[in-house]
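Student: I should like to learn how pockets and aromatic pairs are read from a model. May we take them in turn?

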Amino acid sequence: MSVQVEAMPYRHVLDVPAVGSAVRIARETTELVLVECGVGLRHPSVGPALLIVAELVTNAVRHAAAASPMITVTYAHGPGAFAFAVHDRHPCRPALFGALATAPGSGLAMVVEMTMELGGTAVVRADADGRGKAIWITLPL
């Protein structure tokens, strides 16, 4: 997939506290953003996108809440692609593709596997100060 996230106009930014209810809020917001972007909820990428965003937010709540009381979900949409990022201020940057080899069946491995099966991309981007990161997922539409 060759779509650059930077070339997509941002449609929505969601800030939520790093608590359990953030998962439901992020999932529901993802549905709303997809509809706003003209993507029908029956599109084959929608179900996986909802699972992926829920897993990434769950991971941020479980593993980053102490260092990052807020989680940000950023959504972007462009020609033929939908992207979203889950950002927290915990410095640990997971090795996305290492998750497939070292922890098959884990949530992060599932995220990478689903993204790859759909022909999408998954990237971890560190904050400029090195004290946080965003996991960007881009899926074809």
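Student: How do the residues of the lining of the largest pocket divide into nonpolar, polar and charged?

Tutor: Rolling a probe the size of a water molecule over the atoms shows where empty space is left. This is a predicted model, in which local features need pLDDT of at least 70 and side-chain atom pairs pLDDT 80 or more, while totals for linings use all residues. Residues are numbered from 1 along each chain, and side-chain values use heavy atoms, without hydrogens and water. A pocket is an open set of points on a 1 Å grid where a 1.4 Å probe fits, with protein on both sides within 12 Å along at least five of seven lines; lining residues have an atom within 4 Å of a point. Here the lining comprises eight nonpolar, three polar and two charged residues; Ala, Val, Leu, Ile, Met, Phe, Trp, Tyr, Cys and Pro count as nonpolar, Asp, Glu, Lys and Arg as charged, and the others as polar.

Student: Which element gives the most to this lining?

Tutor: H2 does, with five residues; a helix is a DSSP run (H or I) of at least four residues, numbered from the N terminus.

Student: What describes an aromatic pair?

Tutor: A pair of aromatic rings is described by the distance of the centres and the angle of the planes. Centres must lie within 6.5 Å; planes under 30 degrees apart are stacked, over 60 edge-to-face and the rest tilted. The structure holds two such pairs. Tyrosine 75 and phenylalanine 82 are stacked because their centres are 6.2 Å apart and their planes at 25 degrees. Phenylalanine 82 and phenylalanine 84 are tilted, at 5.9 Å and 45 degrees. Tyr75, Phe82 and Phe84 form one aromatic cluster.

Key: Helix = DSSP H or I, 4+ residues; strand = E, 2+ residues; numbered from the N terminus. Phe/Tyr/Trp six-rings, centres within 6.5 Å; stacked < 30°, edge-to-face > 60°.
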